[in-house]
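Here are my notes on the model you passed along, set out point by point so that each can be checked against the coordinates.

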Amino acid sequence: MAALEVAGKEERGANGENREYKEYLLSPRWRKLRRAVMLRAKGQCEICRRYEGVDCAHLTYERVFHEHMEDLLWVCKRCHRELDAPDPSPSP
Ligand SMILES: [Zn+2]
């Protein structure tokens with residue numbers, strides 16, 4: 001299913017599958033999940049733990065539309081961008 005491929009690029013353009021994902025982000029299910037993740041993180045970025053989180057990021061898109069709590073992270077803008085970066089630099 002092609003939706004999995006495009007789902008990683010939330011910010012990108014207006015093709016059909018991406019719209020489905022965007023609509024999902026407005027759904028009650030996602031809002032609830034997102035809120036639960038935020039509460040788990042106590043509002044703080046779960047990656048750097050330095051900044052206030054603002055976004056719910058996917059660690060994996062394996063279960064996109066049916067995510068588990070552990071597939072998601074509450075993150076600040078900066079960490080979210082790094083997480084979604086096309087070429088993750090391997091950590092030493
Ligand atoms: Zn962060």
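The points below go from the overall fold to the core and then to single residues.

1. Before anything else, please keep in mind that this is a predicted model, and that every remark below should be read with this in view.

2. On the overall layout, the chain holds four helices and two strands, and, taken in sequence order, these elements follow the pattern α-α-α-β-β-α. Of the 92 residues of the chain, 15% count as buried. As for the contacts between residues at least 6 apart in sequence, 43% join residues at least 24 apart.

3. The two strands run antiparallel, and four bridges join strand 1 to strand 2. Within this pairing, D55 stands opposite V75 in strand 2. Along strand 2 the side chains divide between two directions, with L72 and W74 pointing one way and L73 and V75 the other, yet all of these are buried.

4. The largest nonpolar core has eleven residues, namely V37, C45, I47, C56, A57, L72, L73, W74, V75, C76 and C79. Two elements give two or more residues to this core, strand 1 (55–58) and strand 2 (72–75), and strand 2 gives the most, with four residues.

5. V37, which belongs to this core, is worth inspecting for its partners: once residues up to four places away in sequence are set aside, V37 touches C56, M69, L72 and W74. Of these partners, L72 and W74 point one way from strand 2.

6. C79 lies in helix 4 (residues 77–83) and is a further member of the largest nonpolar core. Because C79 has 22 C-beta neighbours inside 10 Å, where 20 or more are needed, this residue counts as buried. Leaving aside neighbours within four places in sequence, C79 is in contact with C45, I47 and C48. The C-alpha atoms of C79 and A57 are 9.1 Å apart, while the two residues are 22 residues apart in sequence.

7. K77 is also placed in helix 4, but its surroundings deserve a separate entry. With 13 C-beta neighbours inside 10 Å, K77 counts as partly exposed. Its contacts, not counting residues up to four places away in sequence, are with V54 and D55, and D55 is the residue that stands opposite V75 in strand 2. From C-alpha to C-alpha, K77 and A57 are 9.7 Å apart in space, and they are 20 residues apart in sequence.

8. Two backbone angles should be looked at by eye, and the first concerns R49, which has a positive phi of about 60° although it is not a glycine. R49 sits in the loop between helix 3 (28–41) and strand 1. This residue counts as exposed because R49 has 11 C-beta neighbours inside 10 Å, and the cut-off for that class is 12 or fewer.

9. The second angle is that of F65, where phi is again positive, at about 80°, in a residue that is not a glycine. F65 is found in the loop between strand 1 and strand 2, the two strands that are joined by four bridges. With 14 C-beta neighbours inside 10 Å, F65 counts as partly exposed.

Terms used: Residues numbered from 1 in each chain as written. Predicted model: local features only at pLDDT ≥ 70, side-chain atom pairs only at ≥ 80, totals over all residues. Core = buried A, V, L, I, M, F, W, Y, C linked by C-beta atoms within 7 Å. Contact = placed C-beta atoms within 7 Å. Pairing = 2+ DSSP bridges.
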